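Reader: Please take a close look at one part of this model. I want the helix packing and the pocket beside it, with cut-offs.

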Amino acid sequence: MLWPFNHFRKPRLAPRGTIETIYGMIVTQAREPLFYRDLGVPDTVNGRFDLLVLHLWLVLRRVRPTGGGVDLAQALFDRFCEDLDANLREMGVGDLAVPKRMQAFGEAFYGRSAAYDTALTKGREALAAALGRNILNGMDPNNARRLAVYAETAIDSLSHLDSTALLNGSWRFPSPVEEGVQP
């Protein structure tokens, strides 16, 4: 007989070190100075948040379909939320305002993710438009196209990883500015 309460057990998660490794890679890439200097991403709290969301989206869309990927994706998203919460508190946002701000962050994440998913199915120009709207505030279509090329390169790079390398965090994002890459 099967124990009827098995569905109450906690799901098996990736080791905390793996989550920290992958999340650290996402944050490090989102802080890469080339995005701000060469691709026109505003070096502001919002600009940094939008790049963090872009890189988290890139990883989550690749991780989810792998075996154990749903749990890892949830753990990465939870780590993202913990990081945002800690940053809000560090910036002096009061305890009563944090939940409301976190809700806004969650809505922003899901909205951008949906926009990028939809745009990705429609081609590079649609992806460039979505990235330009969300990251560059609609300011520079040429840099938006360059960001779209970067996102496509990152998607391709992640798609070629085997599940073990992906889930262990033994990979790197491509450079945001490759010599000779044109939109």
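Author: Here is the helix pair, followed by the pocket.

This is a predicted model, where local features need pLDDT of at least 70, side-chain atom pairs count only at pLDDT 80 or more, and totals for chains, interfaces and linings use all residues. Residues are numbered from 1 along each chain as its sequence is written, and side-chain values use heavy atoms, without hydrogens or water.

Start with helix 4 (residues 69-90) and helix 5 (residues 98-122). Helices are DSSP runs of H or I, at least four residues, numbered from the N terminus. The two axes come within 10 Å and cross at roughly 135°. Helix 4 is therefore oblique to helix 5 (neither under 35 degrees, nor over 145, nor 65 to 115). Their crossing is right-handed.

Contact means heavy atoms within 4.5 Å. Helix 4 brings Phe 77, Phe 80, Cys 81, Leu 84, Asp 85, Leu 88 and Arg 89. Helix 5 meets them with Val 98, Arg 101, Met 102, Phe 105, Phe 109 and Tyr 110. By class, this contact has 10 nonpolar, no polar and 3 charged residues (Ala, Val, Leu, Ile, Met, Phe, Trp, Tyr, Cys and Pro are nonpolar; Asp, Glu, Lys and Arg charged; the others polar).

Now the largest pocket. Its volume is about 480 Å³. Of its 17 lining residues, Val 45, Arg 48, Phe 49, Leu 84 and Asn 87 are the closest to the centre. Helix 1 (16-30), helix 3 (45-63), helix 4 and helix 5 each supply at least two lining residues. Helix 3 gives the most, with 5 residues. The lining divides into 11 nonpolar, 2 polar and 4 charged. A pocket is an open set of points on a 1 Å grid where a 1.4 Å probe fits, with protein on both sides within 12 Å along at least five of seven lines; lining residues have an atom within 4 Å of a point.

Technical notes:
Axes fitted to C-alpha atoms, helices over the stretch in contact; angles between N-to-C directions. Left-handed = near helix turned anticlockwise from the far one by under 90°. Points joined across faces, edges and corners; volume = space filled by probe spheres on them.
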